[in-house]
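Dear colleague,

I am passing on the structure below, and after it I set out what was found. Please read the notes with the coordinates open beside you.

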Amino acid sequence: MHEMSYCVRIVDEAIKACKENSLENVSSVYVEVGRMTACVNELLIKAFDKAKKDTILENANLVITNQDVVAFCEICNKEFKPSIENNYLCPICKGVQSRIVKGRDCIITRIEGE
Ligand SMILES: [Zn+2]
């Protein structure tokens with residue numbers, strides 16, 4: 001279950017952020033999960049529940065927003081959503097000089113608590 005490795009990192013980062021912001025009781029951790037991570041939301045929540053045990057996140061919920069994959073074409077200087085119909089290439093120029101700019105990571109966007 002590769003979701004666990006993401007959750008271990010989420011928990012580590014969230015604890016660090018809580019210390020920096022003097023949060024002691026966390027109610028929610030908001031994350032943005034890119035579709036390229038191939039994480040399943042239910043498995044992420046299960047993994048989070050395990051990873052948070054005996055930490056200050058013990059009572060926290062994981063709130064997930066899925067992020068679509070977005071690529072940036074170096075030729076057109078435009079962002080596009082890679083799709084299978086275009087072989088994941090830029091739909092305008094069909095160029096191969098593009099890079100993924102969104103949807104690859106799993107990042108914390110907000111932490112709620114007191
Ligand atoms: Zn292009």
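In this predicted model, the axes of helix α1 (residues 3-20) and helix α2 (residues 41-51) come within 8 Å and cross at roughly 50°. Angles from 35 to 65 degrees fall outside the parallel and perpendicular classes and count as oblique, and α1 and α2 are therefore oblique to each other. The crossing in which α1 passes α2 is right-handed. On the α1 side the contact is made by Glu3, Met4, Tyr6, Cys7, Val8, Ile10 and Val11, which meet Leu43, Leu44, Ala47, Phe48, Lys50 and Ala51 in α2.

The other part to look at is the metal site. The zinc ion has as its protein donors the SG atoms of Cys73, Cys76, Cys90 and Cys93, lying 2.3 Å from the ion. The angles among these four donor atoms run from 104 to 113°, and the site is tetrahedral; for comparison, the ideal angle for four tetrahedral donors is 109.5 degrees. Along the sequence, the donor residues follow the spacing C-x2-C-x13-C-x2-C. Within that pattern, Cys76 and Cys90 are 14 residues apart and link distant parts of the chain, with Cys76 in the loop between β3 (70-73) and β4 (78-80) and Cys90 in the loop between β4 and β5 (98-102).

How exposed or buried are cysteine 76 and cysteine 90? Cysteine 76 has a relative accessible area of 23% and is partly exposed, whereas cysteine 90, at 1% relative accessibility, counts as buried, the cut-off for buried being under 20%.

With best regards

Key:
Residues numbered from 1 in each chain as written. Predicted model: local features only at pLDDT ≥ 70, side-chain atom pairs only at ≥ 80, totals over all residues. Heavy atoms only, no water. Donors = N, O, S within 2.8 Å, 3.2 Å for Na, K, Ca; no water. Tetrahedral: all angles 85-135°; square planar, octahedral: opposite > 155°, others 65-115°. Helix = DSSP H or I, 4+ residues; strand = E, 2+ residues; numbered from the N terminus. Buried < 20%, exposed > 50% of the residue type's maximum accessible area, 1.4 Å probe, protein only. Axes fitted to C-alpha atoms, helices over the stretch in contact; angles between N-to-C directions. Parallel < 35°, antiparallel > 145°, perpendicular 65-115°, else oblique. Left-handed = near helix turned anticlockwise from the far one by under 90°. Contact = heavy atoms within 4.5 Å.
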